[in-house]
Every structure is written in structure tokens, then in C-alpha cells.
Amino acid sequence: MSIVVAVRGNTGALGGLVRAVRAQDYPAGDLELVMVDNHPVPVLPPGRYRLGPMPCRVVHETRPGLSRARNAGIRQARGEIVLITDPDARPESDWARRMVAALGATRAYCAGGKVAPRFTSGASVDVPADVLQLFVPPTWPRVTTELAAPYWVVGCNLAIRRSPLPQFDTRLGVIGRRHLSCEELEFTVRAQRGGHLVVVVPDAVVHRAIHPADLTTASVQGRALWHGVSVARLLAIHPGADIYDSYRLRDALAPARLRSRTGRRSAVADLARVVGLRAERLRLAVAGLNTHTASAEESAMKEGVFHG
């Protein structure tokens, strides 16, 4: 099994991740750690590398983009199953074992494990639910179940079989300062439409870091706006996809919400999401980038091709 981690600007968090990987109750000889250095000027030495107690392989992908970096790592992975997480994520010690068990028991192609918030030093835990769901889904099933609303998966806790070879859409996922998201949602929609089973695994847990800088008003507004942009792109790629898309200005600015500080914080996030969604839909319509003018990449993905 291979664990793929895309690294850009957060190398300081790798030590904690490596310790969490090393602590897995899974045979160490069956785990491979693949680090994808996504800096324009590489900061990690290529090839075999030892990061603290854990040997790993470093792959360079100098073209920016989270999806592009993960794709590079997946192509280099040797395991039959690829686990995907982030440098500042912290999987629990039974994470790898439970993800593999879920894939084996269900024969699923892809599994998304539970993601819980991990507030780092200085980060407030008093976060409105509507804001917190920008980071972690609010609802999880009690047992492993097929992916369907109201559940969704998060990119820091995925397990995917390497056949057919998975590929994330490079029009989604963080690219530089553009905090695009939904790359994992697009992947699961495409997988399910291609006839592949995707499951949600509530007992395979990864703790996602939420830093103080993530919770500033400006950061929340930016994240929400880019989320709206990302949802618009996803729905342009997959019309009719079961993606929550009911944010409306009248809901965001409902008087009942604006009477409390918590409600106002949530309203700011929802308003930014609406603006991002509508602006990107307009841009796509003007540019003619819809399903009728799909690129070769879009066409290949719609036919169920997962590898480039």
C-alpha cells in the first residue's frame, strides 16, 4: 500500500505526519510513503529519502496544483491501494488497516474516511457549523456505507485502488493562491457514474489541521468564495450531480441569522459562496466552457477513463 502526500509550503508539518504513519498498526514493510514536492524550486531531495524514522520516496512535480501533484504521486506509487492525505493531517493508528479492510469487505474502488477537526495552537474551537463544514463534513454514517447525500469525502482521507489508475481533475484542487476545492468530489462523481463503488468509512479517522489563520474573516470569505467557484466548475463538468447547491442570497441574509454573531459569521461565508458560484457560472457561460464544448480531457473523463 502506498501513502501519497503532496507537499507545498508546509514541509514543517511532515515530521508529525511521519510519526503518525510510523505508528500505524499495519505491517511497516507493506507501507510505502511517497512525497510529492510541488514547489517550483524543489526543497526535498529526489528519490529515496529518510524523513525521521520513516523511509520514503520523493517525486518532483514543479507544475503547481494539488490535483496535479497527487496525480504525479499516484503514477509513481507501487502499492495496489493508494492512501491520500496531507502534511498537516494526523491519521489515527488504525487508519490504514481500517481503510484496507473497508475496501476488501465492500470491494469498493474508493473509500473516504472520517475527517475530524484538529484545532492547532491559537485556533478557536468556537466555529459556527456553517463555517466548520468548509473544512470537515458535519455528518457521518455509523457504519461503512455507499457514498450518497448527505455524506461527502475529503481529500486528506482517501483510499483508492490503482486499477483503473485514478486521476484527479486538474481544473479543481488548490492551485497557488486559488483555493479551489472539490477535486475529490469530482473524482467520486466520475467514479460512481463509471459504475465504481465508493464508500464512506466512519471508523478510519484522520484529524485535519485547522490553523488560526484559516479562521480569520478574510480567510473564511476567500475559502467560501473559491468553494462556490469549485462547485460551479464541478456542476459544469457533471450536470445534474448530487451536490448541495441551494445557497441563495435570501437564505444567507435572512434576518434571523443576522441577529447573532454566530449567524453573521455564517452569513458572510454563505454570501461569499453564492458570489463565487454565480460569478463562475457567468464566466463559464460567457467563455462557452460547458459540457457541449468539452475539452479532450473532459471527454475522456466522462467515458470513465481514470488514467491520463
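R107 sits out in the open: with a relative accessible area of 74%, it counts as exposed, because the cut-off for that label is over 50%. In this predicted model, R107 belongs to the loop between α3 and β7, and it comes after helix α3. Its backbone is worth a look too, since phi of R107 is near 60°, a positive value in a residue other than glycine. For background, most residues other than glycine have a negative phi. C182 shows a positive phi as well, near 70°. C182 is in the loop between β9 and α5, but unlike an exposed residue it counts as buried, at 1% relative accessibility.

Two peptide bonds also deserve a mention. Most peptide bonds are trans. The bond joining A149 and P150 is cis, with omega at about 10°, and P150 is part of the loop between β8 (145–146) and β9. The bond from S163 to P164 is cis too, with omega near 0°. P164 is found in the loop between β9 and α5 (183–193).

Stepping back to the whole protein, there are 10 helices and 10 strands. Of the 308 residues, 50% are buried. The protein exposes about 14000 Å², and carbon and sulfur atoms supply 54% of that area. Contacts reach a long way along the chain: taking those between residues at least 6 apart in sequence, 76% join residues at least 24 apart.

Helix α3 makes a nice worked example. It runs over residues 95–106, so its 12 residues should span 16 Å at 1.5 Å a residue, and the 17 Å between its end C-alpha atoms agrees with that. The buried residues in α3 are W95, A96, M99, A102 and L103. Viewed down the axis of α3, they fall within an arc of 130°, so they line one face of the helix. The spacing makes sense, because an α-helix has 3.6 residues a turn, so residues three or four places apart point the same way. And what covers the buried residues of α3? The list includes β1 (2–7), β5 (81–85), β6 (90–91), β7 (110–119), β9 (158–161) and β10 (198–210).

Helix α1 (residues 14–22) has its own buried set, namely L14, G16, L17, V18, A20 and V21. These pack against a run of strands: β1, β2 (32–37), β3 (47–51), β4 (54–60), β5 and β6. In helix α2 (residues 66–76), A69 is a good residue to pick out. A69 is buried, at 0% relative accessibility. Leaving aside residues up to four places away in sequence, A69 touches A6, V36, N38 and E61. A69 also sits 7.7 Å from D37, C-alpha to C-alpha, although the two are 32 residues apart in sequence.

Helix α6 (residues 217–237) offers a contrast between two of its residues. R223 lies in this helix and is buried, with a relative accessible area of 10%. Not counting residues up to four places away in sequence, R223 touches L134, F135, H179, R208 and D214. L225 is also in α6, yet L225 is partly exposed, with a relative accessible area of 31%. Together with L271 and V275, L225 forms a nonpolar patch on the surface, and the three have about 200 Å² of accessible area between them.

Charged side chains pair up as well, with 14 salt bridges in the structure. One of them joins D203 and R98, 2.9 Å from N to O. D203 lies in strand β10 and R98 in helix α3, so this pair ties together parts that are 105 residues apart in sequence. Both partners count as partly exposed, D203 at 34% relative accessible area and R98 at 29%. Another salt bridge joins R78 and E32, whose closest N and O atoms are 4.0 Å apart. This pair links distant parts of the chain, with R78 in the loop between α2 and β5 and E32 in strand β2, 46 residues apart. Here the partners sit in opposite settings: R78 is exposed at 58% relative accessibility, whereas E32 is buried at 15%. R171 and D169 form a further salt bridge, with their closest N and O atoms 2.4 Å apart, and D169 is buried at 0% relative accessibility. Finally, salt bridges that share partners join E32, R57 and R78 into one network.

Conventions:
Residues numbered from 1 in each chain as written. Predicted model: local features only at pLDDT ≥ 70, side-chain atom pairs only at ≥ 80, totals over all residues. Heavy atoms only, no water. Patch = residues over 30% accessible without salt bridge, like charges linked within 9 Å, V, L, I, M, F, W, Y side chains within 5 Å. Areas by Shrake-Rupley, 256 points an atom, 1.4 Å probe, with all protein chains shown as cover. Helix = DSSP H or I, 4+ residues; strand = E, 2+ residues; numbered from the N terminus. Buried < 20%, exposed > 50% of the residue type's maximum accessible area, 1.4 Å probe, protein only. Expected span 1.5 Å × (residues − 1). Arc of directions from axis to C-beta. Contact = heavy atoms within 4.5 Å.
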